[in-house]
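Please look over the sequence and structure below before reading on. The notes that follow are meant for someone opening this entry without background.

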Amino acid sequence: MSDSSTTPRAEIRHDFRSSEPRWQQAWAERRCFSVPDVPAADKPKYYVLEMFPYPSGKIHMGHVRNYTLGDVVARYKRARGFQVMHPMGWDAFGLPAENAARERGIHPGKWTYDNIANMRAELKRMGLSIEWEREFATCDVEYYGQQQALFLDFFKAGLVERKEAWVNWDPVDGTVLANEQVIDGRGWRSGALVEKKLLPNWAFGITKFAPQLLEALGTLDRWPERVKLMQANWIGRSEGARFSFKLTAEAAPPTGTVEVFTTRPDTLYGMSFMAVAAEHPLAAAAAERDPAIAEFVAECRRMGTSEAAIEQAEKRGIDTGFRVAHPFIEGATFPVWIANFVLMEYGTGALFGCPAHDERDFEFATKYGLPILQVVAPASGAQVKLPFTDEGVAINSGPFDGLGTVEAKRAAIARLEALGVGKGVTNWRLRDWGVSRQRYWGCPIPFIHCDDCGVVPVPKAELPVRLPDDVDFSRPGNPLDHHPTWKHVNCPACGKAARRETDTFDTFVDSSWYFARFCSPRAAEPVTREAVNSWLPVDQYIGGIEHAILHLLYSRFFTRGMQVTGHLAVEEPFAGLFTQGMVTHESYKGADGRWLYPDEIDISAGPDGSRSAIVKGGNEPVTIGRVEAMSKSKRNTVDPGFIIDKYGADTARWYILSDNPPERDMEWTESGVAGAHRFIQRLYRLAAAPGGGSDAAASRKLRQATHRTIQAVTEAWESFSFNVAVARIHELGNAVADADAADAAARREALEALARLASPAMPHLAEELWALLHPGTTQLVAELPWLEADPSLLKAETLTLAVQVLGKLRATIEVPVGADEATVFAAAEAEENVQRALEGRPIRKRIHVKGRVVNFVV
RNA sequence: GCCCACUUGGCGGAAUGGUAGACGCAGCGGACUUAAAAUCCGCAACCCGCAAGGGUGUGCCGGUUCGAGUCCGGCAGUGGGCACCA
């Protein structure tokens, strides 16, 4: 360390390269971040969790932001006297590991665990207050084995079903594709035309919980409104009716009735056709009789999800020749069409078309020349252009004429019920969650298929069902399926030869309960009740908005499921949710249009402030492109490891918090990082040579600044206004630097406060400053309680009031605290500028807001 | 198409209905240095003015209020979510 008495301030440098690892070691040795599986009774608990990373190989700036935000909360809450659980793990199953195996011949397990080792080391360099003893990866057999046990419990409780589902099937790769993996109707890897195929699938009965999942959103008062809204839309509750139409005899179809769902039973008199999905049984029946229909059905089935977008929503259909009878109008029959806009997965896969009051039905009817009959008119009686989709008054609707839309719906449902053909129902957009994937690198589904006994669960005593290590990725399809021995087992029920289920779980299953496992990560059961019931719910969950729907909804479902199976006793997994913004960066292109990394270029600023760039070490011009989310393809990424090498972890952490509110996207700039680093060096220099004068007024002023900052920064950390906390700490830093005349005690107090207030964000620097100010101490800032502001120092002796005339600022005045109104008004009126603005006009009203403003109305 | 959010200097942003632009980045001027880096001091919304000061100003139009970036209504733009949802 430099001798501050002889070294000029500007020469003192903080050596973060040796200092940061030293403090990390000190925290680890003192076990500062460890908590018991069951929290102690003498302190409140607080569970901070950031969405665990996928081990892709390296951490990226999004991780740095996510884990810094979480660490601020964890360290702050710890100082506030909470016992804080702050664990870390790995969402380690998934396709990239299999891709690595196929492309580079590395075993998925080795690839994954090597990546974890790398990323763990990088995260440790960030100085996060994580309890590493709780770490696990979802691909650890100790984890996925417990997941299998949990699945069997869910199965027993009736929360799991095996059912047929329409899937995107890639015939070349022999696997099911997610919608996102179907590009222009073709498989993303094979390029083969994707088929819609009906496949048996394991599915969680999430729809059973649809009402509760929707309802409980109202209790999540520390969740962002927009996330709750997105979930509500996704669950998609709608009120309507489900009822049957009789097929008429003349066309003789295979079944007697067709069921439809509608939200507008009041428009039933305006019906002009029925439409069914291409996958509907009636469509299949029609296809058998008519090759043209068969061709149309096949065409619809080929149409992948995104091809619909290419076709720009063009409505197409074909008449089946079948007809249905209207439930209310004697003798009226309507044609049944197959239409490409009807979804088999929603409602019943069939609907009645009322062109006058529905956009799509109108477009369809217009195209195919079907009748359009208006049965709802606006309450005002005005003429309207069809389709009219608002509420109004029923017309041309027999007994319903004159009823408002709400009453007409009720009347129509009552009549359908009286006729015994249907009833009022609540329909949900949410579908059951299919979890079967034809993949190797996932959790095996613990079931066995027996020709005699059917689908049989693996007995719990035989768990875990381990993934085999010797797998062959040279063939397409699922390696588990064509493994020579793995799937061949005897049936647990009858003992005869049978086959293992070779599908593995969707990786969303792995992440739907990991937060619960963290409470007792080594338990020989999925969770221990005492641990989860005392630690859950997670008090603060932090992650990207991209998980606003699926991950969070599945986790909410799992928590409810685990309540049913008796594993835990909480309803909601995450009491508080914070969604962070992305980290963005400028993008750069060379003369030939290739993307360039930021460290491949040099930027210079012109005299007018304009910026230009060239390729490093040459003169090739570079185009500075848009600021956008960091991505490998645009090469606008910055490697956190490189930043930590160059500036240290505290600089990276401080900068990522400083520039803007954490929920918004932030732009990463090299100059911003350098600015953050300058501030750190500045604080270090101040603490290394605190100095001090003897001016009492300056001392008091600094002390007031210190205590106001304590108050402001506390509020800011508390409320996720992290950029404001940074600004207030900067201000106090400036105040200390400017207060050379303040006495040594006041300067020390300010510097100690700076160390402690900044410690959630810059934990290493905080320890370093504390050690500078307390030579020889063994005390760690990580173990100190939070600072309290002294109320007597928060009050000023004088106040600055704004003086307005008619709401316009004309002057400011200094008045003693507690001055009475008359004194304040007199002082205000005495101001020269105020007099000028009053122009001698009489004052009609005097307004005084204590400590803020005086306003004269003339 | 439906739903939601956002819109403040050159840039990121700050502001319990009460002095708009804190703090930072970039910029400019100066000190130190042979020089550079580092550091320190200062300037900085726009328009008029030497200045004192005045005027304008938080996407646009209007309203509530003594007083609006903030509350209310409408419009525009940007971003996001969902979508042949019957």
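**Notes on the RNA surface and one helix residue**

1. A phosphate oxygen of RNA strand B lies 3.3 Å from a side-chain N or O atom of Asn 723. Please keep in mind that this is a predicted model.

2. Asn 340 approaches a base: one of its polar side-chain atoms is 3.3 Å from a base nitrogen of RNA strand B. At Thr 263 the backbone is involved, with an N or O atom 2.5 Å from a sugar or linking oxygen of the strand.

3. In total, 51 residues surround RNA strand B, and Thr 263, Lys 315, Tyr 346, Arg 360 and Glu 731 are the closest. Sorted by class, the surface near the strand has 19 nonpolar, 18 charged and 14 polar residues.

4. On the RNA side, 65% of the atoms of strand B within 4 Å of the protein belong to sugar or phosphate, and the rest belong to bases.

5. Several elements supply at least two residues each to the surface near RNA strand B, among them α7 (225-235), β9 (257-262), α19 (670-688) and β32 (798-805). The largest share, eight residues, comes from α21, which spans 722-738.

6. Leu 123 sits in helix α4 (residues 108-125). Leu 123 counts as buried because its relative accessibility is 1%, and the cut-off for buried is under 20%.

7. Beyond its neighbours within four places in sequence, Leu 123 is in contact with Ile 59, Tyr 67, Met 88, Trp 90, Leu 128 and Trp 132. Asp 743 is 620 residues from Leu 123 in sequence, and their C-alpha atoms are 41 Å apart.

Technical notes:
Residues numbered from 1 in each chain as written. Chains lettered and ligands numbered in written order. Predicted model: local features only at pLDDT ≥ 70, side-chain atom pairs only at ≥ 80, totals over all residues. Heavy atoms only, no water. Near = heavy atom within 4 Å. Polar contact = N/O pair within 3.5 Å; in protein donor to acceptor, adjacent residues only side chain to side chain. Helix = DSSP H or I, 4+ residues; strand = E, 2+ residues; numbered from the N terminus. Nonpolar A, V, L, I, M, F, W, Y, C, P; charged D, E, K, R; others polar. Buried < 20%, exposed > 50% of the residue type's maximum accessible area, 1.4 Å probe, protein only. Contact = heavy atoms within 4.5 Å.
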